[in-house]
Amino acid sequence: MYKEPIFFEPIFQERIWGGTSLQELYGFKIPNETTGEAWVISAHENGPSIVKNGSLKGKNLLEVWNDYPHLFGEKTTTKEFPLLIKILDANDNLSVQVHPDDKYARSHEGEKYGKTECWYILDCEEDAEIIFGHMADSEDEFRRKVKAGKWDDLLQRVKVKKGDFVYVPSGTIHAIGKGIIILETQQSSDITYRVYDFDRTDNEGNKRELHIEQAINVTSYPHNVHAQDKVEKTIGNLFSTQLIAEKYFTVYHWQLDGKTETPLYKDYLLMSVIEGKGKIVIEEKEYELNKGDSFIIPSTVSEYVLNGTVEIIVSHT
């Protein structure tokens, strides 16, 4: 029986807006100076994370999901791994974009999942802001303002700070602003429809493709902010904040100062260490936890101990 956490090597994605903060803040060995994303827990075919410990070392999460279903509880081998965890370095503004829901993704893209996501702000510059939502009352008004390029009249801008949490359902117009580092929990999807990219070009002078019609089709009208009821709980030396519980994922922020035993048990848990150092102990075997580590506690582990001074973002379906 497999009785250990599954740690992963991230898969890096170069982006026109990326930088070097993933190396500077988390010690990742990034491939270049425009590294925008680290897919830290991923079974998506565009970048499955690689196991770096134990008997599964060298396999990717997509292989583990398909070949070792008992590690994930009551799932079938035909169902895709549902979540994707990323750390993003917005060294420049991301494009203004929107993602489809499951129904649209299946009928128009042949993909099982649309993309609902959420962000935990790990760090950001002073006065950093995101684009979150639009100010059009209808699809017609949205279309007119896009066609006229009236972006200041259309897009809503929101200031953010370290520790903020943002829930971004499918259909939400959004963009991460310059100088923001986030941990993103999302459905396992890589479908993005760009609405506006600030007219910038790549190294060869080419603008990135826009997807205006698809974006208009999937955007929600009018924009709605979905309330998030945070649930705080103290479990021994652990202060747990449930950031959101919705259809696709439940996400927590854990702050540990000391020791706690099995604060949460589900079929499997996804964990990313965002600050500090600690240990996880399973059947008397210790595994170090350092800032930047991401791992899964599989369903074959029913008891574990966390120890240290550490912050962790935890999620499950």
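## Buried residues, an open sheet and the largest pocket

D293 counts as buried, at 13% relative accessibility, where buried means under 20% relative accessible area (1.4 Å probe, protein chains only). The structure is a predicted model, in which local features need pLDDT of at least 70, side-chain atom pairs count only at pLDDT 80 or more, and totals for chains, interfaces and linings use all residues. Residues are numbered from 1 along each chain as its sequence is written, and side-chain values use heavy atoms, with hydrogens and water left out.

D293 is placed in the loop between β18 (285-290) and β19 (294-297); strands are DSSP runs (E, at least two residues), numbered from the N terminus. A polar atom of the D293 side chain lies 2.8 Å from the backbone nitrogen of N290. S315, in strand β20 (residues 305-316), is also buried, with a relative accessible area of 2%. The table lists the contacts of both residues, contact meaning heavy atoms within 4.5 Å.

| Residue | Relative accessible area | Contacts, leaving aside residues up to four places away in sequence |
|---|---|---|
| D293 | 13% | F7, K52, M271, S272, V273, E288 |
| S315 | 2% | L83, I85, T185, T250, V251, L269, L270 |

An open sheet of 6 strands follows the order β2-β3-β5-β12-β7-β10, with antiparallel pairing; two strands pair if DSSP finds at least two bridges between them. Its edge strands, β2 (11-19) and β10 (165-168), each pair on one side only. On average, neighbouring strands of this sheet are turned by 25 degrees against each other, direction ignored; the axes are lines fitted to C-alpha atoms, and angles run from 0 to 180 degrees between N-to-C directions.

Strand β3 has antiparallel partners in this sheet. It is joined to β2 by 5 bridges, and I11 stands opposite W39 in β3. Between β3 (residues 35-41) and β5 (residues 83-90) there are 4 bridges, and A38 stands opposite I87 in β5. Because 7 of the 7 residues of β3 are buried, this strand is largely enclosed by the rest of the structure.

The largest pocket holds about 330 Å³ of space. A pocket is an open set of points on a 1 Å grid over the protein atoms alone, with protein on both sides within 12 Å along at least five of seven lines, and lining residues have an atom within 4 Å of a point. Its volume is the space filled by probe spheres set on the points. Of the 20 lining residues, R15, E37, Q97, T192 and R194 lie nearest the pocket centre. The elements giving two or more residues to this lining are β2, β5 and β7 (117-124).

Technical notes. Buried means under 20% relative accessible area, exposed over 50%, partly exposed in between (1.4 Å probe, protein chains only). A polar contact is a pair of N or O atoms within 3.5 Å; within protein, one must be able to donate a hydrogen and the other to accept it, and residues adjacent in sequence count only if both atoms are side-chain atoms. On a 1 Å grid over the protein atoms alone, a cavity is a set of points where a 1.4 Å probe fits but cannot get out, and a pocket is an open set with protein on both sides within 12 Å along at least five of seven lines; lining residues have an atom within 4 Å of a point.
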